[in-house]
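Biologist: I'd like to learn how to read a fold like this one, feature by feature. Could you walk me through it?

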Amino acid sequence: MLATLIHGERDIRVEEVPDPQLSTGGDAIVRVVAACVCGSDLWPYRGVTPTSRPHRIGHEFVGVVEAVGPDVGRIRAGDFVIAPFYDCDMTCANCRNGFSTSCLNGGWWGAKDRLGGFADGAQGERVRVPHADGSLTAVPGGEPDWAMVPHLLTLADVMGTGHHAAVSAGVRAGSTVVVVGDGAVGLCGVLAAARLGAARIVAMSRHSSRQSLAREFGATDIVEERGEEGIARVKELFDGIGPDCVLECVGTAESMDQALRSARPGGQVGFVGVPNGGSELPIREMFDTNVGARGGVAPVRNYIDELLVDVLSGAIEPGRVFDLELPLTQAAEAYAAMDERRAIKVLLRP
Ligand SMILES: [Zn+2]
């Protein structure tokens with residue numbers, strides 16, 4: 001089959017690799033219907049994290065189950081499934097506590113699982129899925145119309161991660177919210193905050209196309225300024241004190257600083273941007289202001305059931321973050337388009 005490998009900085013290739021095989025009894029083989037490129041895939045692409053040897057890449061996919069192992073009970077061949085950006089059993093203590101990203105038996109795509117089988121990267125034609133009963137969610141009604149597929153694909157990562165930012169920041173009905181970051185996760189954070197009933201949502205963005213999507217997702221105001229000016233502008237919008245909740249969806253020291261200093265005293269920051277070095281919590285400042293911070297790698301599998309209902313009903317359309325669709329064979333162009341910010345998020349179709 002064909003799959004995407006990263007060979008080094010700005011070196012993405014689609015190559016012939018071995019077909020996946022069932023090996024552990026609880027696994028499944030899924031034919032990928034749609035995959036995509038994540039902002040976090042750009043780190044190895046840009047060389048920020050070095051690539052020592054070529055390896056498979058991609059961690060977001062939806063597809064059709066082709067085969068299941070003998071121990072799989074809930075998932076069946078023919079099911080149209082959503083996979084989270086990791087695999088998990090959904091039965092261990094961490095999964096049951098709502099944090100399946102810390103699954104005691106889980107792992108990551110494009111790497112060996114804990115039983116020694118290989119879990120393929122998502123940017124390929126097929127994926128072997130460990131713990132199929134836990135990892136996968138079957139979409140009721142089987143394979144949907146193509147128009148629904150991008151929305152379902154966001155439940156693998158970006159919509160669940162935006163939701164985690166909102167939940168971690170304590171967004172509830174009537175909250176005032178600021179979202180730092182206008183990538184796919186930040187835009188999904190706007191949508192998630194609106195879905196949870198936020199009264200006012202400020203999107204911080206300088207890009208007109210992202211600003212309009214943010215508004216369509218529920219942003220009531222846009223702030224283009226950053227740093228001190230951005231903080232001042234945000235405080236001004238909320239009685240001079242700042243909003244209840246801030247969603248940090250970037251992961252740099254600057255964005256975390258922006259988030260912590262924008263929240264009102266007693267407010268809360270939900271952080272989901274993968275820390276890219278340099279950010280440390282200013283405990284003295286947090287002591288003085290009672291601003292809280294909570295967040296981390298999003299346990300999106302625990303959110304899929306809840307969000308899926310609203311995706312299938314059409315109440316939310318998170319797949320609108322995809323503004324470019326390419327065949328899998330053009331994965332290299334997909335990375336380039338996202339790297340150069342020509343696209344918000346690129347969908348790959350095997
Ligand atoms: Zn688990």
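Modeller: We'll go through domains, sheets, a helix and some backbone angles in turn. Keep in mind that this is a predicted model.

Biologist: Fine. Which domains does the assignment give?

Modeller: Domain 1 covers 2-157 + 299-349, and domain 2 covers 159-295, according to the domain assignment. Their centres, taken over C-alpha atoms, are 27 Å apart. Domain 1 puts 17 residues into the contact and domain 2 puts in 14.

Biologist: Which helix gives the most to the domain 1 side of that contact?

Modeller: That's helix H11 (residues 301-313), with four residues. As for the chemistry, the domain 1 side that touches domain 2 splits into 10 nonpolar, three polar and four charged residues.

Biologist: On to sheets. What holds the strands together?

Modeller: In general, strands of a sheet pair through backbone hydrogen bonds, and the pairing is either parallel or antiparallel. Here, take the open sheet of six strands, with parallel pairing and the order E13-E12-E11-E14-E15-E16.

Biologist: Which strands stand at the edges there, and why is one side of each left without a neighbour?

Modeller: Strand E13 (221-223) and strand E16 (292-295) are the edge strands; each has a single partner strand, so one side of each has no neighbour in the sheet. From one strand to the next, the twist averages 20 degrees. For a single pair, look at strand E11 (residues 176-180) and strand E14 (residues 245-248), joined in the parallel sense over four bridges. Within that region, Val-180 sits opposite Glu-248 in E14.

Biologist: Which helices pack on that sheet?

Modeller: Helix H8 (residues 227-237) is one of them, touching E11, strand E12 (200-204) and E13, and its direction makes about 155 degrees with that of E13. Helix H9 (residues 253-262) packs there too, touching E11, E14, strand E15 (268-271) and E16, with about 175 degrees between its direction and that of E14.

Biologist: And where could I see antiparallel pairing?

Modeller: Try strand E3 (residues 28-36) and strand E5 (residues 61-68), which pair that way over seven bridges. Ala-34 has Val-62 in E5 as its bridge partner. E5 also runs antiparallel to strand E6 (residues 80-83), with four bridges joining them. There, Phe-61 is bridged to Ala-83 in E6.

Biologist: Now a single helix. Which residues of helix H12 are buried?

Modeller: In H12 (residues 331-339), they are Ala-331, Ala-334, Tyr-335 and Met-338. Looking down the axis of H12, you'd find these buried residues within an arc of 95 degrees, so they line one face of the helix. They pack against strand E1 (2-8), strand E2 (11-16), helix H1 (42-46), strand E17 (322-327) and strand E18 (345-349).

Biologist: What comes after H12?

Modeller: Arg-341 follows, with a positive phi near 55 degrees. As background, most residues other than glycine have a negative phi.

Biologist: Where else should I look for positive phi values?

Modeller: His-131 has a phi near 45 degrees, and Asn-290 has one of about 60 degrees. His-131 lies in the loop between strand E9 (126-129) and helix H3 (132-135), while Asn-290 is in the loop between helix H10 (283-289) and E16.

Biologist: Is His-131 buried or exposed, and is Asn-290 buried or exposed?

Modeller: Count the C-beta neighbours: 20 or more within 10 Å means buried, and 12 or fewer means exposed. His-131 is buried because it has 28 other C-beta atoms within 10 Å. Asn-290 has 12 inside 10 Å, so it counts as exposed.

Technical notes
Residues numbered from 1 in each chain as written. Predicted model: local features only at pLDDT ≥ 70, side-chain atom pairs only at ≥ 80, totals over all residues. Helix = DSSP H or I, 4+ residues; strand = E, 2+ residues; numbered from the N terminus. Arc of directions from axis to C-beta. Contact = placed C-beta atoms within 7 Å. Domains from an automatic or database assignment. Nonpolar A, V, L, I, M, F, W, Y, C, P; charged D, E, K, R; others polar. Pairing = 2+ DSSP bridges. Axes fitted to C-alpha atoms, helices over the stretch in contact; angles between N-to-C directions.
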